[in-house]
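Please open the model in your viewer and keep the sequence panel beside it. The stops below are meant to be taken in order, with a selection to make at each one.

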Number of protein chains: 2
Amino acid sequence: MDSSISVTTDVVIFALRGDDLQVLLVKRKLQPFAHQWTIPGGHVIPHESLEDAAVRVLFEKTSVRDIHMEQLYTFGDVKRDPRGRTITVTYLALVPGPLAVEPGPDTDDTEWKSVYKLPEMGFDHANIVTYALKRLRYKLEYSAVGFRMLPPEFTLTQLQRAYETVLGQKLDKRNFRRRILQAIVIEQVNKRTSGEGRPAMLYRFRDDAVSEVKTRRLFP
Amino acid sequence: MDSSISVTTDVVIFALRGDDLQVLLVKRKLQPFAHQWTIPGGHVIPHESLEDAAVRVLFEKTSVRDIHMEQLYTFGDVKRDPRGRTITVTYLALVPGPLAVEPGPDTDDTEWKSVYKLPEMGFDHANIVTYALKRLRYKLEYSAVGFRMLPPEFTLTQLQRAYETVLGQKLDKRNFRRRILQAIVIEQVNKRTSGEGRPAMLYRFRDDAVSEVKTRRLFP
DNA sequence: GCCGCTTCGTGTCTTAGTGACGCTTTAGAG
DNA sequence: CTCTAAAGCGTCACTAAGACACGAAGCGGC
């Protein structure tokens, strides 16, 4: 019926691959915007909460759960979906490392794409990704969510690379370490057996610390 | 029909009265939650955007337009409305000074209530107000939206009072002035004829400055 | 086992920002 | 003229931030 409003959720899923920040996109099979890239999403089912719907969409695409996810913004322009009035509650998800993904039933293809070279996208999804990137950068500057895109144990250099990749700028090694250690990371006993160079100490995120601690700017 | 989701918008409207931060509440006439306080809201009409709906609700309650308003969060728990599945896209509005308000057709009463002494509230609206207050404080610390709750021309002491009232703490006069002036306020020629004490210089917000400038923390 | 390569890990100094703090000035009322 | 009430203003000590370079630890090849 045309007098009601459809509710969907779309999830911007970020991951790091090498020195690139990537977002998971799916290529639509159906109209509208057939054969165009979009971020994964779906209708919210009446008996599931918004959060549950977003978790479900994420799981369907990546088979991961229990990762960082937060509500981003709700987009609700009247003409954003040509099929009829639809609002979308968007979420931002950070997954650790690059994951293998398979195209779903309604998609031609599923791929990780660099946020620095985004393809044309259907609906208002290009806006959504841009907004999500802005938010991610903002969060990285002020809080400590960087961990969430790394494996459970990581080196400080890996972490610094992650920050540099997301923020799109080089950071000073010593200042980075000083600042990140003044916050809430615990060090590990394990050494690392890297093929190249001197082994690095591994760190892991402290469970007892809240990742969202509001600190002074970490990287102004 | 029970298989669809209703979309509403609710607006948390803050204003200062004296040394109190207040929120506009309406007392419902109808079930559910009849005779309980809620924040003003209404259904989103299919041919209006979310933002337009929020502006409309605000106007219906306060007869003001063109004030600071921003999207807050979208609440969508399954059981938040006993009538059926409803999500609400909430907005935060700041209005200058206390405004007279009249109860609308579906409300018993409309009143400004102190955020420090909130009554029991229907739906999940107590949560929403709490969340809005948290967001407002956060914004005040980092940006300069304090102006938006004052008349167009104001003294620095008034502005400081506003910050103190919202943040719930005293601030140092000289440090406050130093910081606020290092940002984006323009001074005025007018003196003020206060009954009490030495007249103060009036200031007004600079149109050419963006109120949302991200500064270093103003008041940590 | 020595050398060379690669990456890890560390400290200091300079500059800028933050927080604490009290007294003089101005106008109105009596 | 005096009193009262609020406005307006500057300094100093401390902390945070940014710039900057080199020795240490493993590994692989010879």
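What follows is a tour of a predicted model, with selections in chain A and then in chain B.

**Stop 1: two helices of chain A**

Begin by selecting residues 156-167 of chain A, which form helix 3, together with residues 173-181, which form helix 4. Two packed helices are described by the angle between their axes and the distance between the axes. Here the axes come within 11 Å and cross at roughly 100°, which makes helix 3 of chain A roughly perpendicular to helix 4 of chain A, since angles of 65 to 115 degrees are counted that way. If you now show side chains, helix 3 of chain A brings Leu156(A), Thr157(A), Leu159(A), Gln160(A) and Tyr163(A) to the contact, while helix 4 of chain A brings Lys173(A), Phe176(A), Arg177(A), Ile180(A) and Leu181(A). Sorted by class, this contact has six nonpolar, two polar and two charged residues.

**Stop 2: a proline before helix 3**

Next select Pro151(A), whose place is in the loop between helix 2 (125-142) and strand 8 (153-155) of chain A. Is Pro151(A) buried, partly exposed or exposed? Its relative accessible area is 36%, so Pro151(A) counts as partly exposed. Leaving aside neighbours within four places in sequence, Pro151(A) is in contact with Pro96(A) and Gln158(A). A distance label drawn from the C-alpha atom of Pro151(A) to that of Arg204(A) should read 8.7 Å, although the two are 53 residues apart along the chain.

**Stop 3: Arg80 and Phe123 of chain A**

Select Arg80(A), in the loop between strand 5 (68-75) and strand 6 (86-94) of chain A, and add Phe123(A), in the loop between strand 7 (107-114) and helix 2 of chain A. These residues are 43 apart in sequence, yet their C-alpha atoms are 6.1 Å apart in space. Arg80(A) has a relative accessibility of 7% and therefore counts as buried; Phe123(A), with a relative accessible area of 18%, is buried as well, because the cut-off is under 20%. Not counting residues up to four places away in sequence, Arg80(A) touches Asp10(A), Phe75(A), Thr86(A), Ile87(A), Thr88(A), Phe123(A), Asp124(A) and His125(A). While Phe123(A) is selected, look also at its backbone, where phi is near 50°, a positive value in a residue other than glycine. Most residues other than glycine have a negative phi, and most peptide bonds are trans.

**Stop 4: the second largest pocket**

Which residues lie nearest the centre of the second largest pocket? Select Arg28(A), Gly41(A), Gly42(A), His43(A) and Arg83(A) to find that place, and bear in mind that the lining consists of 32 residues. The volume of this pocket is about 730 Å³. Strand 1 (6-17), strand 2 (20-28), strand 4 (41-43) and helix 1 (50-62) of chain A each supply at least two residues of the lining. By class, the lining has seven nonpolar, twelve polar and 13 charged residues.

**Stop 5: a cis peptide bond in each chain**

Select Gln31(A) and Pro32(A), and look at the peptide bond that joins them, which is cis with omega near -5°. Pro32(A) is found in the loop between strand 2 and strand 3 (37-38) of chain A. Then move to chain B, where the peptide bond from Gln31(B) to Pro32(B) is cis, again with omega near -5°, and where Pro32(B) is found in the loop between strand 2 (20-28) and strand 3 (37-38).

Staying in chain B, extend the selection to His35(B), which lies in the loop between strand 2 and strand 3. His35(B) has a positive phi of about 65° although it is not a glycine, and with a relative accessible area of 51% it is exposed.

**Stop 6: a buried valine in chain B**

Finish with Val11(B), whose place is in strand 1 (residues 6-17) of chain B. Its relative accessible area is 0%, so Val11(B) is buried. To see what surrounds this residue, select Ile39(B), Pro40(B), Ala54(B), Val57(B), Met69(B), Tyr91(B) and Ala93(B), which Val11(B) touches when residues up to four places away in sequence are not counted. As a last label, join the C-alpha atoms of Val11(B) and Leu72(B), which are 61 residues apart along the chain and separated by 9.0 Å.

Methods: Residues numbered from 1 in each chain as written. Chains lettered and ligands numbered in written order. Predicted model: local features only at pLDDT ≥ 70, side-chain atom pairs only at ≥ 80, totals over all residues. Heavy atoms only, no water. Axes fitted to C-alpha atoms, helices over the stretch in contact; angles between N-to-C directions. Helix = DSSP H or I, 4+ residues; strand = E, 2+ residues; numbered from the N terminus. Parallel < 35°, antiparallel > 145°, perpendicular 65-115°, else oblique. Contact = heavy atoms within 4.5 Å. Nonpolar A, V, L, I, M, F, W, Y, C, P; charged D, E, K, R; others polar. 1 Å grid on protein atoms, 1.4 Å probe; cavity = no way out; pocket = protein on both sides within 12 Å on 5 of 7 lines; lining within 4 Å. Points joined across faces, edges and corners; volume = space filled by probe spheres on them. Buried < 20%, exposed > 50% of the residue type's maximum accessible area, 1.4 Å probe, protein only.
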